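Got your viewer open and a selection box ready? Let's take a walk through this one, a stop at a time.

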Amino acid sequence: MLVLSFITYPYLFLSLRAAFLGLDPSLEEAARTLGQKPLAAFFRVVFPQLLPALLSGYLLVGLHVLGEFGTVSLLRYETFSYAIYLQYNAAFDRVYAAWLALFLLLLTGGLLFLEGLFLRRLALARTGKGSGRKARAVRLGPWAPLAYLLALTPVLLALVLPFYALFHLASRFPRESLQGLYEALFHSALAAFPAALLSVGMALPLAYLVVRHPSFASSLLERLAYLGYAIPPLAFALAWIFFSLRSLPFLYGNLALLVLVLAFHLLAETLGPVQSALRQVPKRLEEAARTLGETPARAFFRVTFPLLWRGVAAGGAWPSWGR
């Protein structure tokens with residue numbers, strides 16, 4: 001549980017960071033002037049605006065843990081993905097593995113339903129002008145050492161300690177083995193960056209449709225976008241291999257197929273931060289640009305996109321390092 005918690009820590013951190021940066025500090029200050037204490041002002045004013053980022057992060061953490069294979073297999077803890085891998089690898093009949101994958105899809109479908117239920121009819125955009133200044137820094141006083149320790153704990157345990165262990169092991173490798181490491185890093189970057197760009201390109205119109213034009217069809221498309229992440233990676237990859245061999249043989253074994261599969265698999269990771277950031281952007285700004293003669297596409301990229309680029313950057317960062 002500790003290892004999985006530190007592995008999935010960035011899922012919440014990046015999404016919450018983008019949500020915090022999109023908040024209007026004048027709202028919390030207004031609550032303080034009306035007599036609210038700092039803690040009450042946070043939970044009554046700030047926390048409800050973080051709900052989309054929290055729920056999307058929780059959903060990704062839950063889906064990741066349900067489908068995680070590498071960590072649980074190394075720690076010898078049998079989960080759905082580990083059992084599916086054993087069945088695919090050892091059993092002659094793959095029916096049992098397929099049934100395990102279907103049960104996993106039922107579990108993830110329940111998580112998707114709950115997340116959509118909580119976000120139904122949620123509106124977080126400002127109705128007034130708001131404030132363009134930064135939030136005022138608050139002195140922590142005697143709580144400062146504890147706050148710094150709390151902030152440094154995931155960095156030390158999830159970043160510094162693994163890096164130390166990796167460099168310690170790498171120091172024992174012969175120098176001729178480093179060439180293979182450089183090639184692996186190059187190949188990873190060659191697949192990761194195009195996959196990140198493609199996933200962001202798919203997430204933007206889908207998030208816009210869900211937030212700006214909510215309907216049953218848009219909600220269904222949003223839920224379907226999570227299926228690529230909910231399906232166990234092994235079953236997802238085998239399905240695409242089977243599809244490419246049958247329908248698109250020219251894609252089999254190519255980098256283009258890998259980028260496409262990664263983009264579909266990680267679309268859910270990109271969609272959450274983009275959607276959370278878009279919920280904080282007032283719709284009236286885009287409508288004002290339309291009344292001044294801008295086309296829908298130009299109004300979006302000139303008015304709306306500059307206000308949600310933090311969510312786009314957070315969503316695009318996950319596919320670039322996550323796989």
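Start with the whole chain shown as a surface: the accessible area comes to about 20000 Å², and 71% of it belongs to carbon and sulfur atoms. Keep in mind as you click around that this is a predicted model. Now switch to cartoon, and you'll have 16 helices and 0 strands to look at. Of the 323 residues in the chain, 35% are buried. Take the contacts between residues at least 6 apart in sequence: 76% of them join residues at least 24 apart.

**Stop 1: the largest nonpolar core**

Select Leu 204, Tyr 226, Tyr 229, Leu 271 and Leu 308. In the largest nonpolar core, which has 27 residues, these touch the most other members. Now colour the helices that feed this core: H4 (51-67), H9 (178-212), H11 (227-230), H14 (267-279) and H16 each supply at least two of its residues. Which helix gives the largest share? That's H9, with 7 residues. Then look for another core, apart from this one, with 7 residues that include Ala 19, Leu 23, Leu 50 and Leu 54.

**Stop 2: aromatic rings**

Show the aromatic side chains next; there are 10 aromatic pairs to find. Begin with Trp 240 and Phe 264. Their ring centres sit 5.7 Å apart with the planes at 25°, and since that angle is under 30 degrees, the pair counts as stacked. This pair links distant parts of the chain, with Trp 240 in helix H12 (residues 233-246) and Phe 264 in helix H13 (residues 255-265), 24 residues apart. Are the two partners buried or exposed? Trp 240 is buried, at 17% relative accessible area, while Phe 264 is partly exposed, at 31%.

For a pair with another geometry, go to Phe 301 and Phe 305: the centres are 5.9 Å apart and the planes at 50°, so this one is tilted. Both belong to helix H16 (residues 296-322), where being 4 residues apart puts about one helical turn between them. Phe 305 is partly exposed, with a relative accessible area of 25%. Add Tyr 208 and Phe 300 to your selection, and you have the cluster that ring pairs link together with Phe 301 and Phe 305.

**Stop 3: salt bridges**

Turn on the charged side chains and hunt for 3 salt bridges. Arg 212 and Glu 286 make one of them, at 3.9 Å from N to O. It connects distant parts of the chain: Arg 212 is in helix H9, Glu 286 is in helix H15 (residues 283-291), and they are 74 residues apart. Both ends are buried, because their relative accessibilities, 9% for Arg 212 and 6% for Glu 286, fall under 20%.

Now centre on Glu 294. Its side chain meets Arg 298 at 2.9 Å and Arg 302 at 2.8 Å, N to O in each case. Through these shared partners, Glu 294, Arg 298 and Arg 302 join into one network. Arg 298 is partly exposed, at 44%, and Arg 302 is exposed, at 54%.

**Last stop: a nonpolar patch outside**

Go back to the surface view and find Phe 163, which lies in helix H8 (residues 144-170). With a relative accessible area of 43%, Phe 163 is partly exposed. It belongs to a nonpolar surface patch whose members include Tyr 148, Leu 152, Val 155, Tyr 164 and Phe 167, and the whole patch has about 1100 Å² of accessible area together.

Technical notes: Residues are numbered from 1 along each chain as its sequence is written. This is a predicted model: local features need pLDDT of at least 70, side-chain atom pairs count only at pLDDT 80 or more; totals for chains, interfaces and linings use all residues. Side-chain values use heavy atoms; hydrogens and water are left out. Buried means under 20% relative accessible area, exposed over 50%, partly exposed in between (1.4 Å probe, protein chains only). Contact means heavy atoms within 4.5 Å. Accessible areas come from the Shrake-Rupley method with a 1.4 Å probe; for residues, only the protein chains shown count as cover. Rings of Phe, Tyr and Trp (its six-membered ring) pair if their centres lie within 6.5 Å; planes under 30 degrees apart count as stacked, over 60 as edge-to-face and the rest as tilted. A nonpolar core is a set of buried Ala, Val, Leu, Ile, Met, Phe, Trp, Tyr and Cys residues joined through side-chain atoms within 4.5 Å. Patches are made of residues with over 30% relative accessible area and no salt bridge: like charges are joined within 9 Å, nonpolar side chains (Val, Leu, Ile, Met, Phe, Trp, Tyr) within 5 Å. A salt bridge is a side-chain nitrogen of Lys or Arg within 4 Å of a carboxyl oxygen of Asp or Glu.
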